[in-house]
Number of protein chains: 2
Amino acid sequence: MKPDGGSLIGFGSGGPGGAIFQAFDPARGTHLEPSFSSASRDDIERAAQLATAAAPVWARLSGAMRNRFLRAVADNLEAKSPDLVARAMLETGLSEARLMGEVARTCGQMRLYGETAERGDWLDARIETALPERKPLPKPDHRSMLRPLGPVVVFGSSNFPFAYSVAGGDTASAFAAGCPVIVKAHPAHPGTSELVGRLILHAVRDCALPEGTFSLLFDAGFEVGQALVKHPLVKAVGFTGSVKGGRALVDLAAARPEPIPVYAEMGSINPVFILPGALQERSAAIVDGLHASSILGVGQFCTNPGLIVLERSVAAEQFVRDLAAKLNATPEAAMLTPGIQKNFISNTAARSRQSGVKVIAQARTSVACGAAPIWFETEAINFLGTHNLSEEIFGPSSLVIWCRNGTEMLNVARHLEGNLTATLLVGGNEVQGPLELVDLLAAKAGRLVMNGYPTGVEVSHAMVHGGPYPSTSDGGRSTSVGTRALDRWTRLVCYQSFAEKLLPPELQSANPLGLRRLVNGEWTQNSLG
Amino acid sequence: MKPDGGSLIGFGSGGPGGAIFQAFDPARGTHLEPSFSSASRDDIERAAQLATAAAPVWARLSGAMRNRFLRAVADNLEAKSPDLVARAMLETGLSEARLMGEVARTCGQMRLYGETAERGDWLDARIETALPERKPLPKPDHRSMLRPLGPVVVFGSSNFPFAYSVAGGDTASAFAAGCPVIVKAHPAHPGTSELVGRLILHAVRDCALPEGTFSLLFDAGFEVGQALVKHPLVKAVGFTGSVKGGRALVDLAAARPEPIPVYAEMGSINPVFILPGALQERSAAIVDGLHASSILGVGQFCTNPGLIVLERSVAAEQFVRDLAAKLNATPEAAMLTPGIQKNFISNTAARSRQSGVKVIAQARTSVACGAAPIWFETEAINFLGTHNLSEEIFGPSSLVIWCRNGTEMLNVARHLEGNLTATLLVGGNEVQGPLELVDLLAAKAGRLVMNGYPTGVEVSHAMVHGGPYPSTSDGGRSTSVGTRALDRWTRLVCYQSFAEKLLPPELQSANPLGLRRLVNGEWTQNSLG
């Protein structure tokens, strides 16, 4: 499989006219063939019309059929994973092992969401049967459930060319929820995007689904993405990327005549609070664990631990010296794109010039797109008074905050903006009763990690990958990873006094799908009376 | 009980300085004592600070305690319902029977949401237990659930002085979800608002809850409401009212440095599609039913049937003549406020001058704030080409759309904006198989009513009172009535590898609350292991 360089508009291809761009090999510093054409206005319109035509078909599609389709996509990705990974290695500089693992994760995610769709419990089906004799007014029969929103636009992210891109979590959850998907490919890995897109379209054909099920649009800049978010036929948007990029799309969607939801996962500094007991018990293990978590993917993870908060003590100073030594010995690695590297260099340079901030570790960099860890330290009082120290630096850089005591640690926690994660490293004798720090962090993050590290986002029923603003645009009311991710692409619909034949099977009295439903206030899998 | 005219800031009262206003008796056309003072900047700040201080206490409050509080509020309202209804009759012109019913509904709603809070199933507690031996990576323990957002601002609406006002559905669901509430009272019934607010505060004291649990702010204009929506300590907003008012608040909230959700229930024309079979079977009954639904509350219901769509036929023309005769004989009644009446007069006057629109019924009005039904008709082709015919006229006015055939009826359905409800009146032989009209309407409304009328919103587990924009600001992803209303005031929080003692009881292995939880993919009420 080799990419051709054109957008995929349903079963057709994109027309001419858009700006041309090429992928870039960050490890070698060279451009890659072929050239890609940005989607034209016509391409965008055609993709939106096709998706809209497919939407009612998808809304009626059974969970079993959605599952069959998602399994077909996963099977296709697995069958072609050597081709996919080979191209992704060139476009991202990431290792084969990492990318093979990411394909596996992406396929597992697709299958889990497919199973969830087939099982149907997530639809929150509820029935209240009629009480025709009730006084003063009869009670009608009401049956309600989640229904798909319609065409969803997904923005691929740069840092996970599979798991958060063309066939990633947003796409998989939108399909599972019953929505057609239009992906705006990330220009950092267009070839990988095209190959994955073609495999999705093979599954569309194999499952005899409508053409508008899926389209993939390229964009050298921002125009195509903006046009998609503003398009009146688009009903929701998924995005993973920077606060600046995400907020721009959120604002665009909010200003539409009909506002639509944008689920943007954006910036997070993922604070790690280290209590004294943790260092007493296992300082060396924490050096290793925190180091490994912080350099994973060259720090280009949304859950990268960017803020390390501890009380100053002899043991804590030794811990930071040990960690710094390990960071200084960390080999450089290529960042995903020259743009990301450029931002990393300028942001770390700016931070190193800030008053009250000191560099504590800085490994050497030599190759074109390379980066190595740069860590900083500052006093809590300086952090509390300097807003931009709360801003994420995307890449292998973290900031150590020195607190004079536990009260100052609590103040740092209170001062935090929203985050995807907050981590607490504690000693065994520090978890005997309620901790105010836990309450404070629960108000600031979507996932609280105890005695672990924030990187590693399990795809499961219980995962929450979302948090208060600015980590996500919807303030952590939803998650972009885990089976609750399906909910984002739905709205509630209630049927009052409906004829059985006109009800969706999920709400029919006979319960033909065997769903767990809330019937007159009790959860049951039984059919009605 | 008599109102004093001051805002209630926790257990204290509002300071001086705000604009003064009085309530108005629309039936008699006179102002009512006492004068009310709009809240000052200091009042707003104090209310926000108190609510913020109360938020962590409320976040930890057990469901049982929230239930106890909501029952105490309901008991207080019932005990004082004669006083409340007497004042509300003066301020709204609504009948004693209607208002007594509304108090009962409000109390029932509070108790149902309280029970739901105590039962706790709505929290969607999920647990994935650890797999330390899993390859390539161990699986950590993850436990997640919904947690309260923090201080919520509720805007009382004019048309339901109890059920959608100070102690209405937004307030009750926010308390049940664990959030302190600040109400911005509607200036149309400030005395009723103050009396209800004081009864809520009695319950706060009786249950020994923090002072910041509840505040009530008056506002002669829009300033106090706007300041509340912009206040950085406010985390979410509930609103019921016009599209213009709702959208202004939504835009304000979206433009904050930290955007917050505004759950605004706004405009809905609630289309009623009448198929030929329905008129064949029971024309006279539909005349009675539609007439009664349309004049309920002088048409000042968010579910008022504002658009009647039918195919032209001899039977349909006779039906409309019969309905018009009944409308013409309908006695006038006082509208809620002079402002609402003024809008009703100018909007109906403008519609009667529109090209292709004819008045088919117009009953007489004589008293100060009175209104009587005014109905219009137009051809489908004119409706499809004239955008403002899709706009809601708040009050007893509806528009009959004449279609030439079933295809044109489908086109009208396709053309609709979002609505809270869509109604389908059909004959027995018209529901033998899938109806395209049902699919179209399911994409346009939150509740589909078959062979009934849209007014009457049951408070239950299955109700959906929400719909695509502009009927609600969040596109119908949530409901403002029914137990799912609690979800709006929450976000997801996940605890990874947490010590049992630091977990909320809902997620502890022993399952001390006996919750239904999703444990490793299976719903169970059992404790772990």
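Angles between a helix and a strand run from 0 to 180 degrees between their N-to-C directions, and each axis is a line fitted to C-alpha atoms. Keep that in mind for the helices on this tour of a predicted model.

**Stop 1: the whole complex.** Colour by confidence to begin. Chain A has an average pLDDT of 96, and 100% of its residues score at least 70. For the complex, the predictor gives an ipTM of 0.97 and a pTM of 0.97.

**Stop 2: the sheet in chain B.** Now hide chain A and show the strands of chain B. Look for an open sheet of seven strands with mixed pairing, in the order 2-1-9-8-7-10-11. Which strands are at the edges? They are strand 2 (12-13) and strand 11 (262-265) of chain B, each of which pairs on one side only.

Select strand 10 (residues 236-240) of chain B next. Four bridges connect strand 10 to strand 11 of chain B, and the two run parallel. Zoom in on G238(B), and you will find Y263(B) of strand 11 standing opposite.

**Stop 3: two helices on that sheet.** Add helix 7 (residues 223-230) of chain B, which packs on the sheet and touches strand 7 (152-155), strand 8 (181-184), strand 9 (214-217) and strand 10 of chain B. Its direction makes about 155 degrees with that of strand 8 of chain B. Then add helix 8 (residues 243-254) of chain B: this helix lies across strand 10 and strand 11 of chain B, and runs at about 170 degrees to strand 11.

**Stop 4: where the chains meet.** Bring chain A back. Here 60 residues of chain A are in contact with 60 residues of chain B. Which element of chain A gives the most to this side? Strand 21 of chain A does, with six residues. By class, the side of chain A that touches chain B has 29 nonpolar, 17 polar and 14 charged residues.

Stay with strand 21 of chain A and select strand 20 (residues 445-450) of chain B as well. Three bridges join these strands across the two chains, and they run parallel. Among the residues to click on is Y495(A), which stands opposite L448(B) in strand 20 of chain B.

**Stop 5: the symmetry.** Finally, zoom out. Rotating by 180 degrees, with 0.0 Å of shift along the axis, superposes chain A on chain B with an RMSD of 0.0 Å. This is the relation of a two-fold axis. To find the axis, select A254(A): of the residues of chain A, it comes closest, at 3.5 Å (C-alpha). The copies meet through the same surface, because 100% of the interface residues of chain A are also interface residues in chain B.

How values were computed
Residues numbered from 1 in each chain as written. Chains lettered and ligands numbered in written order. Predicted model: local features only at pLDDT ≥ 70, side-chain atom pairs only at ≥ 80, totals over all residues. Contact = placed C-beta atoms within 7 Å. Nonpolar A, V, L, I, M, F, W, Y, C, P; charged D, E, K, R; others polar. Pairing = 2+ DSSP bridges. pLDDT = per-residue confidence, 0-100. Least-squares fit on C-alpha atoms with pLDDT ≥ 70 in both.
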